[in-house]
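Visitor: Hi! Could you walk me through this one?
Guide: Happy to; here it is.

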Amino acid sequence: MTLPVLGPMTLTGFEHAWYFLFLFVVAGLVGLYIAMQAARRKRLLRFANTELLESVSPRRPSRWRHLATILLMLSLVMLTIAMAGPTRDVRIPRNRAVVMLVIDVSQSMRATDVAPSRLVATQEAAKQFVDQMTPGINLGLISYAGAATVLVSPTTNRDATKNAIDKLQVADRTATGEAIFTALQAISTVGAVIGGGDTPPPAHVVLMSDGKETVPSNPDNPKGAYTAARTAKDQGVPISTVSFGTPYGTVDMNGQQTPVPVDDEMLKKIAQLSKGESYTASNLEELKKVFTNLQEQIGYETQKGDAGTGWLRLGALVLALAAVAALLINRRLPN
């Protein structure tokens, strides 16, 4: 059984807001009390000899005599809020979801503008992401360069995913669109197996790359990255992209230092087209923070939870205090 992660005690709505009509009754009781106090004072002034009254009882009635009534009215307000069914957001770990981690292993990932290299830093941060992922999520791993390969099908076995991350090897070209389509196929396959509901399990793709797509040259081609991102949107699978590297990266190509600057724009558009989020990181610490943020967003879902119990207890406590005040100050229950 998974316990909910409780956020701040802030109200987000009411299930039975019509109960607030009872506040008109509370307002009427307040008006009635004020009218009764005014009428009592008026009768006292009309029939009493004020000089004799002051000589017999020189002390004026204390204002504390109203405390019990004030507490009683406050308790009625709090009990009304409790009856209205207040709700709050509750963050609950996901148990029926699929996340595909897609990592670019093209030659540009050998760049050392991020120490010790883009790929090694990616491996370290990715393994942290795997360790932080909530246990019930089915996590899969895909690596891609000129072709995409499913290294680990979606599973809750985190060791298998981390072992596969350790074995990542660079290759030529960058087929981002094929990688996204491969991730969508893996999600569809495992979704049919998981079951447990009338709708497919919620799914998410985390795409980690440093450069733009090279195969095909046009990302709007049928197998291109933008076409794949639109398909992901149609299937309800957002893609969170992580752009990693700096504008100053270079790699050795046949003895020549070839510039491989990070390409943020393509990854941002992929995220935008799929209704996901885009992130950038230029060093290992930033990358770890991005993956931690992603885990917090993907690993939990927000549901409406009951917030009425606290108001009910507080109202009962204030009601008890009203009774105590009435007995100690007024020697009777408030009227």
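Guide: We can talk about the sheet and then a patch on the surface. Keep in mind that this is a predicted model.

Visitor: Sure. In what order do the six strands of the open sheet come?
Guide: The order is β5-β4-β3-β6-β7-β10, and the pairing is mixed.

Visitor: And which strands stand at the edges?
Guide: Those are β5 (148-155) and β10 (278-281). Each has a single partner strand, so one side of each is left without a neighbour in the sheet. From one strand to the next, the twist averages 15°.

Visitor: How many bridges join β7 to β10?
Guide: Four, and the two strands run parallel; β7 covers residues 239-244. As for a particular pair, Phe 244 has Ala 281 in β10 as its bridge partner.

Visitor: What does helix α6 touch on the sheet?
Guide: Helix α6 (residues 176-194) packs there against β3 (98-104), β4 (138-144), β5, β6 (203-209) and β7. The direction of α6 makes about 160° with that of β3.

Visitor: Switching topic: which residues form the nonpolar patch on the surface?
Guide: Phe 22, Val 25, Leu 29, Leu 32, Met 36 and Met 83 do, with about 480 Å² of accessible area together.

Visitor: Which helix gives the largest share of that patch?
Guide: Helix α1 (residues 22-47), which contributes five residues.

Visitor: Where is Met 36, then?
Guide: Met 36 sits in helix α1.

Visitor: Why does Met 36 count as partly exposed?
Guide: Because its relative accessibility is 36%, and partly exposed runs between the cut-offs of 20% and 50%.

How values were computed. Residues are numbered from 1 along each chain as its sequence is written. This is a predicted model: local features need pLDDT of at least 70, side-chain atom pairs count only at pLDDT 80 or more; totals for chains, interfaces and linings use all residues. Side-chain values use heavy atoms; hydrogens and water are left out. Patches are made of residues with over 30% relative accessible area and no salt bridge: like charges are joined within 9 Å, nonpolar side chains (Val, Leu, Ile, Met, Phe, Trp, Tyr) within 5 Å. Accessible areas come from the Shrake-Rupley method with a 1.4 Å probe; for residues, only the protein chains shown count as cover. A salt bridge is a side-chain nitrogen of Lys or Arg within 4 Å of a carboxyl oxygen of Asp or Glu. Buried means under 20% relative accessible area, exposed over 50%, partly exposed in between (1.4 Å probe, protein chains only). Two strands pair if DSSP finds at least two bridges between them. Axes are lines fitted to C-alpha atoms, for helices over the stretch in contact, and angles run from 0 to 180 degrees between N-to-C directions. Contact means heavy atoms within 4.5 Å.
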